[in-house]
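Subject: The structure you asked about

Hi there,

Here is the structure I promised to send over. Have a look at it first, and then read on for my notes.

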Amino acid sequence: MNDWFSASIKMQQQMLDAQRKSLEAGNHALGAGDALVKAQEAAKKAAEANMAAWTAWMNLWGMGR
C-alpha cells in the first residue's frame, strides 16, 4: 500500500509540473502576441507618416489634391 501511495503522489507531482510548464508556454505565447501587435501598430504609424510625407511633397510641387 505504501508503494501505491508513493506512486500516486509522484504521478500528481508530474501532472502539476506538466500543467505548470503548459501555463509557462501559454504566457510566453501571449508575450509574443503582444510584441506582434506592437510591431503591427508601429508599421501602421510608419506607413501613415510615409503617406503624409508623400502627400506633402506632392502638394509642394502642385501635384496634390
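Below is what came out of going through it, from the overall form down to single side chains.

One thing to keep in mind from the start: this is a predicted model.

**Overall form**

The secondary structure of the chain amounts to one helix and zero strands. With a radius of gyration of 28 Å, well over the 11 Å that the globule rule gives for 65 residues, the chain is more spread out than a compact globule. You can see this in the C-alpha trace too, which spans about 90 × 10 × 5 Å along its principal axes. Helix 1 covers residues 2-60.

As for burial, 2% of the 65 residues count as buried. The chain has an accessible surface of about 6,100 Å², and carbon and sulfur atoms account for 64% of that.

**The tryptophans**

This part may be the one to zoom in on. By the rule used here, there are two aromatic pairs. Trp 54 and Trp 57 make an edge-to-face pair, with 5.7 Å between the centres and 75 degrees between the planes. Both of these residues sit in helix 1, three residues apart, which is about one turn of the helix. Trp 57 also pairs with Trp 61, and here the arrangement is tilted: the centres are 6.5 Å apart and the planes are at 55 degrees. Through these ring pairs, Trp 54, Trp 57 and Trp 61 are linked into a cluster.

Are these rings buried or exposed? Trp 54 has a relative accessibility of 49%, so it counts as partly exposed. Trp 57 is partly exposed as well, at 42%. Trp 61 reaches 56% and therefore counts as exposed.

The three tryptophans also belong to a nonpolar surface patch of about 720 Å², which is made by Trp 54, Trp 57, Met 58, Leu 60, Trp 61 and Met 63. Met 63 lies in the segment after helix 1. Its relative accessible area is 46%, so Met 63 is partly exposed.

**The salt bridges**

Side chains of opposite charge can pair when their charged atoms come close. How many salt bridges does a search of the whole structure find? The search finds two.

- Arg 20 and Asp 17 form a salt bridge in which the closest N and O atoms are 2.9 Å apart. These residues are three apart in helix 1, so about one helical turn separates them. Arg 20 is partly exposed, with a relative accessible area of 46%, and Asp 17 is partly exposed at 38%.
- Glu 48 and Lys 44 meet through their side chains in a salt bridge of 3.8 Å, N to O. They are four residues apart in helix 1, so they too are separated by about one helical turn. Glu 48 is partly exposed, at 45%, whereas Lys 44 counts as exposed because its relative accessibility is 52%.

**In short**

The chain is spread out, with one helix and zero strands. A cluster of Trp 54, Trp 57 and Trp 61 is linked by ring pairs, and those residues share a nonpolar surface patch with Met 58, Leu 60 and Met 63. The two salt bridges join Arg 20 to Asp 17 and Glu 48 to Lys 44.

Happy to go through any of this with you.

Best wishes

Note on methods. Residues are numbered from 1 along each chain as its sequence is written. This is a predicted model: local features need pLDDT of at least 70, side-chain atom pairs count only at pLDDT 80 or more; totals for chains, interfaces and linings use all residues. Side-chain values use heavy atoms; hydrogens and water are left out. Patches are made of residues with over 30% relative accessible area and no salt bridge: like charges are joined within 9 Å, nonpolar side chains (Val, Leu, Ile, Met, Phe, Trp, Tyr) within 5 Å. Accessible areas come from the Shrake-Rupley method with a 1.4 Å probe; for residues, only the protein chains shown count as cover. A salt bridge is a side-chain nitrogen of Lys or Arg within 4 Å of a carboxyl oxygen of Asp or Glu. Helices (H or I, at least four residues) and strands (E, at least two) are DSSP runs, numbered from the N terminus. Buried means under 20% relative accessible area, exposed over 50%, partly exposed in between (1.4 Å probe, protein chains only). Rings of Phe, Tyr and Trp (its six-membered ring) pair if their centres lie within 6.5 Å; planes under 30 degrees apart count as stacked, over 60 as edge-to-face and the rest as tilted. The radius of gyration is taken over C-alpha atoms; the globule rule is 2.2 Å times the number of residues to the power 0.38.
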